[in-house]
Every structure is written in C-alpha cells, then in structure tokens.
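Welcome! Take a moment to look over the sequence and the model, and then let us walk through them together.

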Amino acid sequence: MLTISTVNTAIVGVYTVRYNVSDASGNAAVELIRTVNVVDTTLPVITLLGDNPVTFEVGDTYTDAGATATDNYDGDITSSIVTRIYSRYSYCRKLYSNL
Ligand SMILES: [Ca+2]
C-alpha cells in the first residue's frame, strides 16, 4: 500500500495526487492523477444568548442579548452572524392605522 502524505486534511481544498513508476530500464508509466477534495460539509452552530422567547412591554427599548456562532472549520464566526427582523404584527397594525 502507498501512503500519500501531501493531502492536508486539515485545510479545505482540491488536491491532486500523481502516480507514476519507472521500470529498471527507465521507462516511465503513463502518469495517473487522482483528485482529492477536502470539504467542509458540517453546518455552523448558532447559540442564542439570553431568553427565547423575549417578552417586554410595548414602547420599551429592545436590546437583543445576541448570539454566538461556531464552526468546525472556521472556529468562532460570531462576527459573521447576520440578523433579520420579521414583523407581521406591526405590518397588520399599519394597515389598520391607514383606514
Ligand atoms: Ca463547517
């Protein structure tokens, strides 16, 4: 068995392993190439900080407790968290207030 040590399984990427051999007369075989894809298919994990759900009195200022995110390959990716706010109830309220 041939052990290949040039594929760094700790770094995502596409690696090629080339195979060749020569006989005692110096004749080289036709080289063969194997492509090795090192991929990261594990999803990152988000952890919410604070309570969920959060309930507070209308008119109060809402301050989100935040969240953290980690990934098996990228480590701490908290700074990459994207937040979006959906508000179906406030939309309905606007409709009624326009009547
Ligand atoms: Ca990952």
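## A starting point: Tyr73

Let us begin in the loop between S4 and S5, where Tyr73 has its place. Please keep in mind that this is a predicted model.

Is Tyr73 buried, exposed or partly exposed? With 14 other C-beta atoms within 10 Å, Tyr73 is partly exposed, because a residue counts as buried at 20 or more such neighbours and as exposed at 12 or fewer.

## What Tyr73 meets

Which residues does Tyr73 touch, once those up to four places away in sequence are set aside? They are Val12 and Asp40. Val39 lies 34 residues from Tyr73 along the chain, and 9.7 Å separates the C-alpha atoms of these two residues.

## The sheet beside the loop

The strands on either side of this loop belong to an open sheet of three strands, ordered S3-S4-S5, with antiparallel pairing. Strand S3 (45-48) and strand S5 (75-76) are its edge strands, and each of them pairs on one side only. Strands of a sheet pair through backbone hydrogen bonds, either parallel or antiparallel.

Strand S4 covers residues 67-71 and runs antiparallel to S3, with four bridges joining the two. One place to look is Val45, whose bridge partner in S4 is Thr70.

## The whole chain

Stepping back, the protein chain has one helix and five strands. Read from the N terminus, their order is β-β-β-β-β-α.

How much of the protein chain counts as buried? The figure is 0% of its 99 residues. Among contacts in the chain with a separation of 6 or more, 31% are between residues 24 or more positions apart.

Definitions and conventions:
Residues are numbered from 1 along each chain as its sequence is written. This is a predicted model: local features need pLDDT of at least 70, side-chain atom pairs count only at pLDDT 80 or more; totals for chains, interfaces and linings use all residues. Two strands pair if DSSP finds at least two bridges between them. Two residues are in contact if their C-beta atoms, placed from the backbone, lie within 7 Å.
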